[in-house]
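The exercises below ask the reader to work from a model towards its contacts and its surface. Each task is followed by a solution that goes step by step.

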Amino acid sequence: MTQRTLQINQHGRSLVLLLVALNRIYTFFSTFEKALTDGERAR
């Protein structure tokens, strides 16, 4: 493996990790928001 391939692989890995983190944050916020709106409706 050349240095370039290694760099691309590392970039790809960090990109995947970033996407996973964003996905988790998005999921967390959407469930949080849903809970809030459900709570508002219950009142």
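**Exercise 1. Classify K34 by its accessibility, and then trace the charged contacts that involve this residue.**

Step 1. K34 has a relative accessibility of 53%, and it therefore counts as exposed, given that buried means under 20% relative accessible area, exposed over 50%, and partly exposed in between (1.4 Å probe, protein chains only). The model is a predicted one, in which local features need pLDDT of at least 70 and side-chain atom pairs count only at pLDDT 80 or more, whereas totals for chains, interfaces and linings use all residues. Residues are numbered from 1 along each chain as its sequence is written, and side-chain values use heavy atoms, with hydrogens and water left out.

Step 2. The side chain of K34 meets that of D38 in a salt bridge, at 3.4 Å from N to O; the term requires a side-chain nitrogen of Lys or Arg within 4 Å of a carboxyl oxygen of Asp or Glu. The two residues are four apart in helix α1, so about one helical turn separates them. Helices (H or I, at least four residues) and strands (E, at least two) are DSSP runs, numbered from the N terminus.

Step 3. D38, which is partly exposed at 32% relative accessibility, also forms a salt bridge with R41, at 3.1 Å from N to O. D38 and R41 are three residues apart in helix α1, about one turn of the helix, and R41 counts as exposed at 65% relative accessibility. Salt bridges with shared partners thus join K34, D38 and R41 into one network, and the structure holds two salt bridges.

**Exercise 2. Describe the aromatic pairs by the distance of their centres and the angle of their planes.**

Step 1. The structure holds two aromatic pairs, where rings of Phe, Tyr and Trp (its six-membered ring) pair if their centres lie within 6.5 Å, and planes under 30 degrees apart count as stacked, over 60 as edge-to-face and the rest as tilted. The rings of F28 and F29 have centres 5.8 Å apart and planes at 70°, so this pair is edge-to-face.

Step 2. F28, exposed at 52% relative accessibility, also pairs with F32: the ring centres are 5.9 Å apart and the planes lie at 15°, so this pair is stacked. F28 and F32 are four residues apart in helix α1, about one turn of the helix, and F32 is partly exposed at 45%.

Step 3. Taken together, F28, F29 and F32 form one aromatic cluster.

**Exercise 3. Place these residues in the chain and on its surface.**

Step 1. The secondary structure of the chain comes to one helix and zero strands, and helix α1 spans residues 3–42. The C-alpha atoms fill a box of roughly 60 × 10 × 5 Å along the principal axes, and buried residues make up 0% of the 43 residues.

Step 2. The chain exposes about 4,400 Å², of which carbon and sulfur atoms supply 65%; accessible areas come from the Shrake-Rupley method with a 1.4 Å probe.

Step 3. L15, L18, L19, L22, I25, F28, F29, F32 and L36 form a nonpolar surface patch with about 950 Å² of accessible area together.

Technical notes:
Patches are made of residues with over 30% relative accessible area and no salt bridge: like charges are joined within 9 Å, nonpolar side chains (Val, Leu, Ile, Met, Phe, Trp, Tyr) within 5 Å.
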